[in-house]
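Reader: I have the model open and would like to go through some of the labels. Could you take me through how they are assigned?

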Amino acid sequence: MTIKEASLRALESLMTEFFHTCTTNERKREIEELLNNFAQQTGAWRHCLFFLSNTQNEYVMMYSLTVFENLVNKMWIGVASQDKMEIRSCLPKLLLAQHKSVPYFIRNKLCKVIVDIGRQDWPMFYHDFFTNTLQLIQSPALAPLGLVMLKTTSEELACPREDLSVARKDELRKLLLEQVPTVLGLLTGILETYWDKHSVIASTPPPSPTSGEMELLGNLFQGSQYSKLLCQPMAALDNESHQLCCLVLECLAHLFSWIPLSTSITPTLLASIFHFARFGCDLRTKAKTGSFISTNSSSSNGQPITAPPTKVDRARLGVLAMTCVNELVSKNCVPMDFEEYLLRMFQQTFFLLQRLTRENNAHTVKSRLQELDESYLEKFTDFLRLFVSVHLRRIESSPQFPIVEFLALLFKYTFNQPTHDGYFACLDIWSIFLDFLTTKIKSRLADRESVLNRYKDALVLLLREVLNRIQFRYNQAQLEELDDETLDDDQQTEWQRYLRQSLEVVAKVMELLPSHAFTTLFPVLQENLDVYLGLQQFIVTTGTSRRLNITAENDCRRLHCSLRDLSSLLQAVGRLAEHFIGEVFAARFSDALAVVERLVEVTCYGSQTSLYDLETAVPSVLKPDLIDVHAQALAALQAYSHWLAQFYSEVHSQNQSQFINLITSAIDASSPLITAKVPEKLLLSACHLMVSITSTVRPVFLVTLPAVQNIFNLITNNHTRRLPQEAHMLVCRALSNMLLLPWPNLPESEQQWQSRSSNHASLLAALTREYRLLILIYFQFLKAVIQQTLPVLRDIVDSISGESTKSRQICYQSLQESVQVSLSLFPVFIQQPDVTDEMLAFFLTLFQALRVQMGVPFTGQIIHTFLSMFTREQLAASILQEGSAGCRVVQKFLKILQVVVQEPGQAFKPFLPSILSLCMEQVYPVVAERSSPDVKAEMFELLYQILHQNWRYFFKTSVLTSVQRGGAAEDVMENEAQFTAAMQAFGQSFLQPDIHIFKQNLSYLESLNSKHKLYHRKLFRTSMLFHFINVLLQVLLHKSHDLLQEEITVAIYNMASVDFDAFYSAFMPEFLNGCQGVDTNQRAVLARNFKLEQDLPSFTQSVQRLVNDLRYYRLCNSSLPTGTIKL
């Protein structure tokens, strides 16, 4: 036995042991080390060549090919030219000899290694690389192998990784583009040949279309080639032909992903692709989703598959053909000379759409689509989405493209989808189309009616069908399949998503056809409301219990469906509220009034009859239904609060009694529900309606209504059972709004501020009674009272933060005592983060909304208290517990300081040194070397606000001085050490892995530059600028923050543009001299390729080239054998 044979046996033994289930991890590491050491030896490839020629062990083959791959991609530059020639000669011979006998993944790996060599050496040293591939494709016996080589070449050469220089990447793309016409010609020839060959022997012609279909197709496809396509029988491919055509289509799909649209993509090629796309429409092609795996023209043992194509295989051709079509359609840049091809391609695709949606005696459209492969339908839906979103604007006005007929086909396709996801995807397409139509009409108001009339029938059908699809009455079987419990990533259930997407389409149609949409929806709503309003007659009262006397199973089921539909239709009516306000208020007033009156009637009825409290025959179903309808009616009425506000301001003087009745009834409907006994879903809906009426409508008479007085008493009476916290906060906000917010349509003199102020003070006094007496209460009750009271106060303050000065003034007067109590209690609870968190949240809201009302002295007292309480030890202990209440306390404290430093004027300037000191000396040292992302983000925002809002604290140059000296005034700096420390902190953050902090801080620097010319300041320019550019370039080189490439490059440009001469003459040479891992010649090439351009696009290109080529040179140099002399 020779040495090589012995090595082979030893390697086979090692590989088998490595993959054996009993081998320990420690032993695996030992074997891995042995294999790595062997691969690093000079000449190891010769052994691997022998192994590949003489083994049947797949593990050994894969290992040997990995050695070659590593050699070619990482060490090729150091391989002797004679050895390279031998490898280039031996590997293709090995591929030709063994491609049929080895598993497909080994064959593909060997192809990739050969292509990797071509990537390095073609055409200079490997001139026949591409020619060999073309010859393989033209040889009938070797065509599959040639196609695998071609696809791998397209993958590896057209979009190469970074282990090539930019010049080489450009060269490869140019070389490949030169070959594209030849390649496409060859591939077209194969598809045509095999289709024609097998079409001749196809025995069964397709069923003839009906006359109606022919008429439609006659409109869609003018010209003999389309009728020929329609009538031509399907090819009956054998397995070998099928596999070959699959490979051709895979190649085309990848080629189309990068080649530009051009006349090289001929009509003949497009027609051939569409021939194969028809396989997806064939009912015999049903297959399981996900059954398509990577290209494999051999079985797993390397033997060719001889069985005839299965259903899965036939469907695969259709999927691959549609993948090719979608690659072309996804390109938005369409040359003028390709537009005709595009139109032709759409016509051919819609021939397929017509086939998919054709009905006959044997199959309905839905049953046809159910029997087709899911992957094919997904691809076809992708095509339709791309067509509508990218190309409809190009094609829609073409007389050769009948858009209305297309919409009719899309309609049939949408509403016969076999899966929910398929239906969702089609609804998205309709949404895109409706957006397109809305935009078109807005840009062409003159012929709005003619455009609308063209599409009116389609929109009417769409509206009716979407509404039917959300109703159990028409679609019960499908709707009951939807999950209404599990939340997705968007925090909605499958049912909620279904309803939301459907209602978005309804709303978009409403925008285009408002009156028609309303007349379609309102009668359906009325019908379901009648059922709901008629339930009162079935309520039976016995003693204290009330029961719904509907017990028959069928009646319960019908009631369940009707209530679910009513709930959906109420949501639809609420979603349309925005289309009754603004400019169209008067024109659509009567329709909106009818809706609002009906909603008020329903909500009052629900509250008066307390349907939520009934005993029912099927409590687990009907009770939630009754609660949901009532809650949705309240929510729908809430949606019309903006309409009510406009009603109040525009026509209340003529229809005052009508408006008062609506509001009074709405409050009467809400108030009985505001009690802890009502189910929370219903309670919250009533509370939200109250908040909207008090904040948006703001009727002057609201406070006098008996129902409102009852709610006031309920909230301020401590003996009643307390509402859940969220409901309590909402009701308090509503009551506060009534007293604080200015009434519309009334002058200042009639606002009754004095009485409202005293009433608000009484309200807040009642709400904070326990809180203000905390010092006297036993300590264990303190926390509970604080955590109940402060969220309510915070919510009240937050709700009036954007309101008039008078409203905020009254609010603060009512709160003053509670604020003082909070400040007194703060030191008591400093060691209890959960309480401190609640207190600081309250103070943060105060600072954001009422800092002017609090006045400078008291605000100063609060800041002083906080600064003295937060010692370095206290801060460090809190920050180190990431995600804890203590950490949140520090965040809120920093947020409060952000508000303080942003305040204009001189009032809070005395605190700046203390705040800066806290930031840089107490917080920064703790977070600098830790992740602490939340605290760090707030700290850097505080630092940014200090610099931005208090720039003259550091730079004293006045505008006048600048103008007098022609803009060249020297900076007069103060507090230089603190400024430098802040800049160093920003610079340090760019060396850390947190991408969010990096992005935030980079934007802060850019903002300081755009607003204050940071990069131009003498101190920054002379001692920091080059350091920042260097750090940012190193980040690009290390690829640690690749998602921010564009932002980083723009920042480098803005820094360099301060003084381009210095950047090119001083920084670049210094940067390149400091670069490790490159030699002098390579530095010279890098410098030469960095063009001395001063515009952003050219500069960006130069930076990208520098980064790519520097990484490439380092890779090359690190792969050279030890002792290599570089010339």
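Author: Happily! Y126 has 6% relative accessibility and therefore counts as buried, where buried means under 20% relative accessible area, exposed over 50% and partly exposed in between, with a 1.4 Å probe and protein chains only. This is a predicted model, in which local features need pLDDT of at least 70 and side-chain atom pairs count only at pLDDT 80 or more, while totals for chains, interfaces and linings use all residues. Residues are numbered from 1 along each chain as its sequence is written, and side-chain values use heavy atoms, with hydrogens and water left out.

Reader: Why is F129 called buried?

Author: F129 has 1% relative accessibility, so F129 counts as buried.

Reader: What makes Y126 and F129 an aromatic pair, and why is the pair called tilted?

Author: Rings of Phe, Tyr and Trp (its six-membered ring) pair if their centres lie within 6.5 Å; planes under 30 degrees apart are stacked, over 60 edge-to-face and the rest tilted. The centres of Y126 and F129 are 5.4 Å apart, with 55 degrees between the planes, and the pair is therefore tilted. By this rule the count comes to 74 aromatic pairs.

Reader: Why are α23 and α24 called oblique to each other?

Author: The axes of α23 (residues 514-533) and α24 (residues 553-575) come within 9 Å and cross at roughly 135 degrees. Angles under 35 degrees count as roughly parallel, over 145 as roughly antiparallel, 65 to 115 as roughly perpendicular and the rest as oblique. The helices α23 and α24 are therefore oblique to each other.

Methods
Axes are lines fitted to C-alpha atoms, for helices over the stretch in contact, and angles run from 0 to 180 degrees between N-to-C directions. Helices (H or I, at least four residues) and strands (E, at least two) are DSSP runs, numbered from the N terminus.
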